[in-house]
Amino acid sequence: MKKVQKLIVDNSLESFIVSSEESIYYLTGVTFKPLERPFFIILRNTGPSVLLVPALEREHLTEAPNVGEVHSYWDYPAPEGSGWFEKLQDLLKGFNNVGVEPTLTQEIAVKLSSYNVKVFPFVETVRLIKSEHEVDMLRQSAYYADIALASVIKAAYFGVSELELFSQGRNVQMQIIKEIEYDVLNTNILAGAWPAPMSAQPHSVPSVDDRLKEGPHIALTLMRVNGYSTECERTFFLEKPTKQVIEAYEVMNKARELAFRMVRPGMNCGEIDVTVKEFLTRAGYGQNLLHRTGHGFGLSAHEGPWIAEGSINTLEKNMFISIEPGIYIDGVGGIRHSDTVLVTDNGYELLTKNPTDMESLIIKSLKPLRRLKGRVMRKVMGI
């Protein structure tokens with residue numbers, strides 16, 4: 001909160017409005033779900049901040065630290081005079097130069113048009129470098145992402161259904177509940193696999209009755225544990241891959257190694273991405289690229305720093321990033337590993353540790369017991 005307040009002063013603002021769920025959670029540590037009802041923190045250039053919430057959340061939010069006062073409005077929508085905007089106007093009296101977040105909704109922005117509003121990514125800037133507490137939380141999240149990824153690989157066999165693989169997320173959820181404090185609103189688990197050739201479209205949506213057979217499949221876990229997000233992904237096979245896929249796999253791993261060699265404090269994030277893309281293009285895969293080399297982690301699964309061409313971010317100690325160059329071959333599948341990486345004093349620490357070599361990721365076992373369980377599961381679910 002003090003770091004954001006300093007940015008307010010440095011940019012000659014009188015106040016700054018925080019309204020996104022993640023930003024409010026970051027500044028207060030209080031879990032909530034806004035749904036359609038707006039929440040606000042009004043930070044001033046001097047003095048304590050003020051929290052404005054819907055009436056039914058007032059008692060819950062009074063526990064928020066770093067906040068001087070908690071005010072409330074009736075509901076959304078509300079009768080004239082008792083809605084969020086009237087209450088916000090009262091709290092902004094005497095202020096003209098007002099800062100807002102880039103994620104401010106258009107509905108709120110229109111209401112604030114009479115103020116001299118400027119957009120600043122203050123909270124996002126402070127969030128780039130993690131505190132020691134956040135490092136611990138992200139380590140914890142990455143630990144469970146690793147477990148979930150290994151669980152998906154372990155459950156796979158030639159002909160396995162997506163139903164069986166996506167069900168692994170429930171097992172990991174129960175392990176988290178058993179082992180640590182569990183924030184039900186701030187924990188989300190996605191564990192499963194994108195089957196070939198659909199894996200060539202990394203944001204496609206598999207069906208639970210899809211079956212995994214030949215080709216490169218991408219197992220992934222997107223993990224948010226008690227507010228903090230990490231991921232782990234591996235390309236795996238259920239039979240020996242073709243020569244075309246083996247060659248692409250080797251190039252993908254070399255691209256990863258190249259990226260990792262550049263991860264250290266002071267490195268420009270855009271330069272990492274450009275170097276990796278140039279390598280992949282020289283290797284003959286320029287037409288098989290769909291995305292940047294990586295992104296940041298924190299409260300969100302995708303946040304700064306951006307490991308992307310055009311990024312102005314520079315790596316610093318205690319930033320968290322992914323390294324995930326991918327090669328996508330239409331009609332064949334996608335080839336991509338992804339890891340959660342902590343930037344250290346003079347390099348990096350890999351927090352997700354599942355194997356990356358091809359031999360470890362070719363599943364040879366027939367797994368008769370898993371096949372039997374899968375058959376029962378599919379029958380129960382009617383697929």
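**Overall architecture and the packing of helix 11**

The protein contains twelve helices and 16 strands, as seen in a model that is predicted. Along its principal axes, the C-alpha trace spans about 70 × 50 × 35 Å. For a chain of 383 residues, a compact globule would be expected to have a radius of gyration near 21 Å, and the value of 24 Å found for the protein agrees with this expectation.

Of the 383 residues in the protein, 52% are buried, where a residue counts as buried if its relative accessible area is under 20%. When contacts between residues at least 6 apart in sequence are considered, 66% of them join residues that are at least 24 apart. The accessible surface amounts to about 17800 Å², and carbon and sulfur atoms account for 53% of this area. With regard to charge, the protein carries 41 positive and 47 negative side chains, and the centres of these two sets lie 6 Å apart.

Helix 11, which comprises residues 269-285, illustrates how buried positions are arranged along a single element. Within this helix, Cys269, Gly270, Ile272, Asp273, Val276, Leu280 and Tyr285 are buried. When the helix is viewed down its axis, these buried residues fall within an arc of 155°, and they therefore line one face of helix 11. An α-helix has 3.6 residues a turn, so residues three or four places apart point the same way. The buried residues of helix 11 pack against helix 10 (243-262), and also against two strands, namely strand 11 (303-307) and strand 13 (326-329).

Terms used
Residues numbered from 1 in each chain as written. Predicted model: local features only at pLDDT ≥ 70, side-chain atom pairs only at ≥ 80, totals over all residues. Heavy atoms only, no water. Helix = DSSP H or I, 4+ residues; strand = E, 2+ residues; numbered from the N terminus. Rg over C-alpha atoms; globule rule 2.2 N^0.38 Å. Buried < 20%, exposed > 50% of the residue type's maximum accessible area, 1.4 Å probe, protein only. Contact = heavy atoms within 4.5 Å. Areas by Shrake-Rupley, 256 points an atom, 1.4 Å probe, with all protein chains shown as cover. Lys, Arg positive; Asp, Glu negative; His and termini not counted. Charge placed at Lys NZ, Arg CZ, Asp CG, Glu CD. Arc of directions from axis to C-beta.
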